[in-house]
Amino acid sequence: MTPAFVTAIVAIAAALGVAGVAGVLHARRSGVVREAEQLDVDVSDLGLSSTGPTIVHFSAVWCGPCAGVRRVVNQVCTDMGEVAHVEIDMDANPAAARKLSVMSLPTTFIFDATGRQRYRTAGVPKAADLRSALQPLLA
């Protein structure tokens, strides 16, 4: 083995290691429901419920994981009857996506009855995480 060959092998192994760590960190964050920073935007045109929390889910026809989000959100809304669900097609309504700084799909928001953004997640959220975020808003 020549020194150049050994150097190439070490460089490839290091690149794979860095990529693996980055992938794990990205996967840990995807789908995690976290409190949202407060944005000063008008959400009156999103069709939010004024009587309880609303889950707003951005999707597109070409988005594969969006079907998973739809299933999870529909399940949570069925279990928690006071929760409304609004699905917004990002291709049909890019202004709404820009307004809420949606940069990737799927992206899911939870708004309270006053229209205040409470939680945000990218990726497919877990039903238990959505329920945990919604429960205090129903009390």
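**Figure 1. Salt bridges in the predicted model.** Four salt bridges are counted in this predicted model. Three of the pairs are described in the views that follow, beginning with R70 and E87, whose closest N and O atoms are 2.8 Å apart.

**Figure 2. Close-up of the salt bridge between R70 and E87.** The closest N and O atoms of R70 and E87 are 2.8 Å apart. The pair links distant parts of the chain, with R70 in helix α2 (residues 66-79) and E87 in strand β3 (residues 84-89), 17 residues apart. R70 has a relative accessibility of 29% and therefore counts as partly exposed. E87, at 32%, is likewise classed as partly exposed.

**Figure 3. Close-up of the salt bridge between D79 and R131.** The N to O distance between these side chains is 2.6 Å. Because D79 belongs to helix α2 and R131 to helix α4 (residues 127-138), the contact ties together parts of the chain that are 52 residues apart in sequence. The relative accessibility of R131 is 25%, which means that R131 counts as partly exposed.

**Figure 4. Close-up of the salt bridge between R118 and D112.** In this pair the closest N and O atoms lie 3.2 Å apart. R118 is partly exposed, at 24% relative accessibility. D112 has a relative accessibility of 10% and counts as buried, because the limit for buried is under 20%.

**Figure 5. Close-up of the hairpin of strands β4 and β5.** Strand β4 covers residues 107-111 and strand β5 residues 117-122; the two pair in the antiparallel sense over five bridges. One of the bridge partners in β5 is A122, which is matched with T107. Five residues lie between the strands of the hairpin, and G115 takes a positive phi near 90 degrees.

**Figure 6. Close-up of the aromatic cluster of F58, F109 and F111.** Two aromatic pairs are found in a search of the whole structure. In the pair of F58 and F109, the ring centres are 5.9 Å apart and the planes stand at 75 degrees, so the arrangement is edge-to-face. F58 lies in strand β2 (residues 54-59) and F109 in strand β4, so this pair ties together parts that are 51 residues apart in sequence. F58 is buried, with a relative accessibility of 0%. F109 is also buried, its relative accessible area being 0%. Together with F111, these two residues form one aromatic cluster.

Terms used
Residues are numbered from 1 along each chain as its sequence is written. This is a predicted model: local features need pLDDT of at least 70, side-chain atom pairs count only at pLDDT 80 or more; totals for chains, interfaces and linings use all residues. Side-chain values use heavy atoms; hydrogens and water are left out. Two strands pair if DSSP finds at least two bridges between them. Helices (H or I, at least four residues) and strands (E, at least two) are DSSP runs, numbered from the N terminus. Buried means under 20% relative accessible area, exposed over 50%, partly exposed in between (1.4 Å probe, protein chains only). Rings of Phe, Tyr and Trp (its six-membered ring) pair if their centres lie within 6.5 Å; planes under 30 degrees apart count as stacked, over 60 as edge-to-face and the rest as tilted.
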